[in-house]
Amino acid sequence: MEEKVKLTIDGKEVEVPAGLTIMEAADSIGIYIPHLCYNPTYKKFLLPSSSCRICVVEVEGMKNLIASCSYPVSSGMVVRTNSERVQKARRVTLELLLSSHPMDCMTCEISGRCELEKVAYELGVPSSSFQGERVNYPIDTSNPFIIRDYNKCILCGRCVAACAEIQYNNAIDFSNRGFRTKIATAYDRPLQESTCEFCGRCVSVCPVGALTEKMRRGRGREWELKKFTTICPYCGCGCTIELNVKDNKIVKITADPFVGINEGSLCVKGKFGYDFISHPDRLKMPLIKKDGKFVECRWEEALKYTADKLKELKERYGPDAIAGLSSAKCTNEENYLFQKFMRAVTGTNNVDHCARLCHASTVAGLAKAFGSGAMTNSIAELEDAKCILVTGSNTSEAHPIIALRIKAAVKRNGAKLIVADPRKIDMVRFACIHLQHRPGTDVALFNGMMNVILKEGLQDKEFIKNRTEGFDEFKKVVEKYDPQIVERITGVPEEKIIEAARVYATSKPAAIVYSMGITQHTTGTDNVLTLANLAMLTGNIGKESSGVNPLRGQNNVQGACDMGALPNLLPGYLSIIDENARKKFADAWGRDIPAKPGLTVVEMMHAARKGILKGMYIMGENPFLSDPNANEVRKALEKLEFLVVQDIFLSETAEYANVVFPAVSFAEKDGTFTNTERRVQRIRKIIEPPWEAKPDWQIICLLSEKMGYEMKYENPSEIMAEIGILVPSYGGITYDRIERKGLQWPCPDKNHPGTPVLHREKFTRGKGLFSPVEYIAPVENPDAEYPFVLTTGRVLYHYHTGTMTRHSQGLNEIYPQGVVEINPEDAVKLHINTGDMVEVSSRRGSVKVKAEISERPLPGVVFMTFHFKEAAANLLTIDALDPVAKIPEFKVCAVRINGVRS
Ligand code: SF4
């Protein structure tokens with residue numbers, strides 16, 4: 001039973017749980033104690049520092065006043081929160097603070113939310129009677145995101161604590177002593193030259209105007225801003241954000257610590273990368289290309305022209321001469337309608353989207369092993385894992401908020417982190433073991449770990465016996481992967497493989513977290529199967545804080561897959577070759593569904609190049625930059641007879657279009673996104689779109705009508721209702737139920753609470769299937785002509801092909817161009833320094849890019865991102881495909897590097 005304590009506060013007897021502070025006890029009976037440095041909102045993360053002394057109270061029998069924010073209650077305690085002595089002390093403290101605080105409240109951005117202003121008002125202290133010396137620091141406006149005015153700082157230390165204890169970044173700290181004490185980065189450098197990642201958490205905890213968002217300057221007073229809750233449009237974390245809006249303009253973005261998977265944290269993109277919405281280059285009217293030039297036109301003309309062209313192609317060449325790319329950036333409802341349009345209206349299964357380029361191998365691999373191709377567990381559970389194996393995921397840059405959970409597991413709960421990655425990524429700072437294997441050797445590495453687990457008898461025999469099948473075949477293969485042999489393949493020392501195996505197998509529950517470093521290989525499906533084997537071997541599946549957890553890249557890539565924007569699967573992952581499944585949808589849609597599986601993303605480009613594919617409808621995708629072997633993609637797009645692109649900007653792909661439909665952003669429409677942990681969450685129309693841009697779902701409906709098939713929905717909630725009928729795992733999801741908090745599928749009926757952990761009692765397919773997986777080398781390996789391995793990925797400040805982030809001024813300013821990372825050993829041999837221009841060439845193309853000499857890649861390996869059209873890594877990558885999932889091998893190809901004379 002909970003221990004209770006009786007005490008008296010301001011003459012009232014009160015009984016509260018032991019362990020509460022005096023401030024919490026007073027709060028429980030409605031007595032407010034003013035405070036500044038302590039913020040109860042952040043109780044979970046930050047201990048009270050008791051530095052401001054505003055919250056002092058008198059306790060009978062104690063000589064000095066004590067800080068109520070940190071002092072625990074005890075039995076028989078008699079507390080006075082508002083005695084004359086207390087009031088006097090608070091006023092003196094406050095006057096001392098005000099004596100050096102600029103009194104520019106009338107123009108201060110945070111007036112109305114300022115906690116110093118609030119306390120001064122409550123205590124009736126308009127100004128200070130002390131005439132002290134004042135600091136006079138220059139106001140730092142040198143970075144694009146945060147204004148630092150330390151003349152206003154009250155040295156409460158909240159920002160320092162938030163940076164260290166919530167973000168695990170330690171970019172700032174107290175520096176100097178006495179009157180000169182100040183919050184600063186190491187060596188007092190500007191933030192942009194420190195380890196600061198511009199998550200903005202320091203801004204959100206600052207009680208005064210010392211730290212403010214630069215982009216909101218002069219655009220609205222606090223009390224003029226209206227807050228609307230929605231979901232971040234960038235990565236698959238699916239963070240909940242609040243748009244602070246005035247006059248149809250987003251003034252700033254905040255996050256509520258009590259709502260969403262992010263608990264108030266955001267990364268730089270979620271916090272500051274929103275100005276693309278109001279960028280002047282947004283598409284405002286439909287465009288038709290006439291005589292090689294785009295001209296604006298009315299919707300009626302653009303829709304009719306497009307419908308006529310698609311009908312003509314269908315009649316002349318058959319429906320399979322047309323293909324569509326749906327979009328992981330669009331809502332579930334839009335993806336559902338898009339694939340319905342392609343199947344029921346156009347009459348083809350040629351529909352795919354960028355999941356093909358990131359997690360097609362996850363869908364294939366996990367479906368084979370477990371029966372369901374999605375993250376098995378939930379994001380929050382990671383914090384309670386005893387061991388986390390992160391592989392092929394640069395988590396802190398690609399999924400920063402999930403990275404925070406992993407860091408919290410290590411820092412707060414003592415979890416052991418194993419990082420298996422060819423690059424020395426930031427997560428390695430938190431790891432006890434880094435397995436830095438050669439790109440493309442994942443199967444060998446994990447088979448090696450499993451070899452050790454079996455040899456040492458660390459497997460979960462009960463789990464294997466009761467819950468799995470295929471063990472004996474699997475074992476025969478794994479027994480061949482002695483760590484000595486694996487060392488030769490992977491380059492990872494034998495002892496490290498053994499140590500990692502022991503740590504993973506003996507620290508339960510253990511979770512596996514992976515991303516595109518695993519999936520984007522010609523052996524992507526094999527890699528996923530190997531991780532599934534590892535989890536089953538140790539019984540780390542079907543339990544909290546364990547599992548196999550693919551981190552999906554884009555905000556709604558999970559949802560786009562769930563909705564059947566795939567050439568071989570109908571909504572809800574029903575196979576297109578299953579006659580009953582086709583009949584179910586044919587009955588619902590009133591049109592026959594073709595039985596032949598369609599083309600995948602890369603196959604579409606191959607078919608277009610060969611002249612087999614004649615027309616394409618591309619919604620919110622940019623294959624010109626996102627697909628491998630971009631020179632060939634360019635030829636494919638040029639060869640199409642008709643291309644219609646639907647987007648918010650004139651993307652590189654849209655430049656090739658015959659017709660462009662202007663779509664709206666996430667902030668201008670209603671719908672749902674499904675994040676990487678299968679959580680279906682609401683987005684809302686918060687501001688009006690520019691001119692005549694329309695939501696993607698409306699555009700699809702209008703085009704469909706012109707093609708002779710009526711799609712009538714008043715609102716996306718009606719589309720969700722149709723999805724709920726046809727997709728059992730979404731059966732219980734309605735807009736009402738997810739108004740405030742999303743639900744995780746499977747959620748089969750209206751009373752179901754959602755499913756945080758999959759495969760608890762049994763796997764979706766019945767028993768978990770072990771697969772014997774042999775190591776196969778990547779398709780293209782380095783040789784004398786192309787001696788380096790190129791691997792690709794993301795950086796924190798940009799996203800996908802940059803359609804949104806490159807239209808964000810701050811993100812561009814802080815990270816303006818792509819680089820190629822080269823190991824110092826290689827740089828010496830090549831006579832290259834950081835900042836030099838180099839030419840990186842593969843058998844498919846070459847790009848000129850700046851070099852960055854870095855310890856992150858292994859010698860012999862170079863790294864580039866694919867965000868920048870000026871240095872498009874996908875001009876170099878190979879379009880060789882995984883035979884099962886048809887995902888290209890983005891992560892390994894051979895290149896050479898030459899210096900470029902300036
Ligand atoms: Fe948005 Fe992802 Fe950053 Fe969260 S972690 S704020 S979802 S980009």
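**Exercise 1. In this predicted model, determine in which sense helix H8 crosses helix H26, and describe how the two helices pack.**

Solution. Begin with the crossing itself: H8 passes H26 in a left-handed crossing. Next, take the geometry of the pair, in which helix H8 (residues 332-346) and helix H26 (residues 716-726) pack at an angle of about 70 degrees, with their axes 9 Å apart. Angles of 65 to 115 degrees count as roughly perpendicular, and H8 and H26 are therefore roughly perpendicular to each other. Then list the residues that meet: H8 contributes Asn332, Glu333, Tyr336, Leu337 and Lys340, while H26 contributes Pro716, Ile719, Met720, Glu722, Ile723 and Leu726. Sorted by class, this contact of H8 with H26 holds 7 nonpolar, 1 polar and 3 charged residues.

**Exercise 2. Work out the strand order of the open sheet of 5 strands, and explain why one side of S2 and of S4 is left without a neighbour.**

Solution. Reading across the open sheet, the strands come in the order S2-S1-S5-S3-S4, and their pairing is mixed. Strand S2 (12-17) and strand S4 (66-67) stand at the edges and have a single partner strand each, so one side of each lacks a neighbour in the sheet. Moving inward to one pair, strand S1 (residues 4-9) and strand S5 (residues 78-80) run parallel and are joined by 2 bridges. Within this pair, Thr8 stands opposite Val78 in S5. Finally, add the helix that covers part of the sheet: helix H2 (residues 84-99) lies across strand S3 (56-59) and S5, and runs at about 155 degrees to S3.

**Exercise 3. Establish whether S35 runs parallel or antiparallel to S33, and then do likewise for S34.**

Solution. Take S33 to start with: strand S33 (residues 819-822) pairs with strand S35 (residues 846-853) in the parallel sense, over 4 bridges. Here Glu821 stands opposite Glu852 in S35. Turning to the other partner, strand S34 (residues 837-841) runs antiparallel to S35 and is joined to it by 5 bridges. Met837 has Lys850 as its bridge partner in S35. The connection between S34 and S35 is a hairpin through 4 residues.

**Exercise 4. Identify which residues surround the ligand, and sort them by class.**

Solution. The surrounding residues are Cys232, Tyr234, Cys235, Cys237, Gly238, Cys239, Leu266, Cys267, Lys269, Gly270, Pro400 and Ile401. Two elements, helix H6 (268-272) and helix H12 (400-413), give two or more residues to this shell. By class, the shell around the ligand has 9 nonpolar, 2 polar and 1 charged residues.

Terms used: Residues are numbered from 1 along each chain as its sequence is written. This is a predicted model: local features need pLDDT of at least 70, side-chain atom pairs count only at pLDDT 80 or more; totals for chains, interfaces and linings use all residues. Side-chain values use heavy atoms; hydrogens and water are left out. Two strands pair if DSSP finds at least two bridges between them. Contact means heavy atoms within 4.5 Å. Axes are lines fitted to C-alpha atoms, for helices over the stretch in contact, and angles run from 0 to 180 degrees between N-to-C directions. Angles under 35 degrees count as roughly parallel, over 145 as roughly antiparallel, 65 to 115 as roughly perpendicular and the rest as oblique. A crossing is left-handed if the near helix is turned anticlockwise from the far one by less than a right angle, and right-handed if clockwise. Ala, Val, Leu, Ile, Met, Phe, Trp, Tyr, Cys and Pro count as nonpolar, Asp, Glu, Lys and Arg as charged, and the others, Gly among them, as polar. A residue is near a molecule or strand if one of its heavy atoms lies within 4 Å of it.
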